[in-house]
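Thanks for coming. I have one structure to go through this morning, so please have a look at it first.

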Amino acid sequence: MIQLMWELLWPVALYELSTQGCRMALAGCKSLTVQTVSAAITSGILVILYRRNPFPLKKNREEKSVKTFNRRILLTGALLCIAGISSSLLFNNLVTLSGIKNRFTGYQQTARVLYSPPLWLQMLSMGVIISGAEELIFRGFIYKSLRKRCSCLAAILISSVAFGYYHGTLVQGVYAGAIGLVLAFSYERYRSVLAPWVIHGSANITSVLAGKWMRFEGQKPGISFLLITIISGLCLFLTVRRMMITCEKEVWQ
């Protein structure tokens, strides 16, 4: 139990220590800039450690999956991007429809910090660097440690709850926990941290652009908003179903 707790906590602790160090070294810089530098440093360390002990491949099914991924990389990349975009739109819209954004001020404060820098910096940091660091932490290390000790389904659920809790506010936690299910499943499916990274990055970029263009200023979402939500849910269902087609039953054991 102590070893498991250590394996689950040290990657997060490393990220937090890096963030605190960058905050002191880059005093006066915006919070997103500090977080981006911290994520880049943490990713560099974690990549080295991850390459020494990657997620082991399953024999027959995984060998076939890797060959398919290499042979049809563009199609696979498009599938993952669609999963990220649809996940972002669906879960963000459901959170908006629930009304919890208006009940908790913590989200509004966090949103102002994240979305105040220039658009290019938001897309680079949240779409590439920060998402990469979080995937190494929560899928590359935390999920992998859980998967050694429990079933795929249990590992997906536990890592997703941890991912949601890490994001702090209730609004972000609900959204992150929901999308964490998709991220963990994609990692299990492809056995590569690149898969959830593509989904995560696509989702974050979609959130950035949607936050810039889809604002209601207190008004209720209209029919187009509901239509986007339904279409996003259908797209996510179809992409996840497509990923599940080549998964054998042993994956869930």
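Leaving aside its neighbours within four places in sequence, which residues is Ile129 in contact with? Keep that one in mind while I give the outline.

What you see is a predicted model. The protein has eleven helices and zero strands, so the run of elements from the N terminus on is α-α-α-α-α-α-α-α-α-α-α. Of the 253 residues in the protein, 46% are buried. Among contacts with a separation of 6 or more, 80% are between residues 24 or more positions apart.

Now back to Ile129. Ile129 lies in helix α7, and beyond its neighbours within four places in sequence it is in contact with Thr36, Ala39, Ala40, Ser43 and Leu124. On the α2 side, take Ser38: in sequence, Ile129 and Ser38 are 91 residues apart, while C-alpha to C-alpha they are 9.4 Å apart in space. Is Ile129 buried or partly exposed? The relative accessible area of Ile129 is 23%, and because buried means under 20%, Ile129 is partly exposed.

A word on α2 itself, residues 31-52. The 22 residues of α2 should span 32 Å at 1.5 Å a residue, and the end C-alpha atoms are 32 Å apart, which agrees. Buried residues in α2 include Leu32, Gln35, Thr36, Ala39, Ser43, Leu46 and Tyr50.

Leu32 also turns up in the next case, Gln122. Gln122 is placed in helix α7 as well. Gln122 is buried, at a relative accessible area of 5%. Not counting residues up to four places away in sequence, what does Gln122 touch? Gln122 touches Leu32, Leu114, Tyr115, Ser116, Pro117, Gly127 and Val208.

Next, the packing of α7 on α1. Two packed helices are described by the angle between their axes and the distance between the axes. Here, helix α1, residues 2-25, and helix α7, residues 119-147, pack at an angle of about 170 degrees, and their axes are 9 Å apart. The two helices are therefore roughly antiparallel to each other. From α1, the contact is made by Leu4, Glu7, Leu8, Trp10, Pro11, Val12 and Tyr15. From α7, the residues are Ile130, Ala133, Glu134, Ile137, Phe138, Phe141, Ile142, Ser145 and Leu146. Sorted by class, the contact has 13 nonpolar, one polar and two charged residues.

The spacing in those lists has a general background. An α-helix has 3.6 residues a turn, so residues three or four places apart point the same way.

Leu146 is worth a closer look. Leu146 lies in helix α7, and at 5% relative accessibility Leu146 counts as buried. Not counting residues up to four places away in sequence, Leu146 touches Leu4, Leu8, Ala155, Ile158 and Ser159. How many residues apart in sequence are Leu146 and Leu8? The separation of Leu146 and Leu8 is 138 residues in sequence, against 8.2 Å in space from C-alpha to C-alpha.

That brings us to α1. With 24 residues, α1 reaches 33 Å from its first C-alpha to its last, close to the 34 Å expected at 1.5 Å a residue. Where does the kink in α1 lie? A kink of about 35 degrees lies at Leu9, shortly before the proline Pro11. The buried residues of α1 are Leu4, Glu7, Leu8, Trp10, Pro11, Val12, Tyr15, Ser18, Thr19 and Cys22. They pack against α2, α7 and α8, the last of these being residues 152-166.

One more helix, α9, residues 170-190. The 21 residues of α9 should span 30 Å at 1.5 Å a residue, and the end C-alpha atoms are 30 Å apart, which agrees. There is also a bend in α9, of about 25 degrees, at Gly180. How many of its 21 residues are buried? The count is 18, and α9 is mostly covered.

Finally, the residue that follows α9 is Arg191. Arg191 is found in the loop between α9 and α10, where α10 is residues 194-213. Phi of Arg191 is near 55 degrees, a positive value in a residue other than glycine. Arg191 counts as buried, at 7% relative accessibility.

That is what I had; I can take questions now.

Terms used. Residues are numbered from 1 along each chain as its sequence is written. This is a predicted model: local features need pLDDT of at least 70, side-chain atom pairs count only at pLDDT 80 or more; totals for chains, interfaces and linings use all residues. Side-chain values use heavy atoms; hydrogens and water are left out. Axes are lines fitted to C-alpha atoms, for helices over the stretch in contact, and angles run from 0 to 180 degrees between N-to-C directions. Helices (H or I, at least four residues) and strands (E, at least two) are DSSP runs, numbered from the N terminus. Angles under 35 degrees count as roughly parallel, over 145 as roughly antiparallel, 65 to 115 as roughly perpendicular and the rest as oblique. Contact means heavy atoms within 4.5 Å. Ala, Val, Leu, Ile, Met, Phe, Trp, Tyr, Cys and Pro count as nonpolar, Asp, Glu, Lys and Arg as charged, and the others, Gly among them, as polar. The expected span of a helix is 1.5 Å times one less than its number of residues. The bend at a residue is the angle between axes fitted to the seven residues ending there and the seven starting there. Buried means under 20% relative accessible area, exposed over 50%, partly exposed in between (1.4 Å probe, protein chains only).
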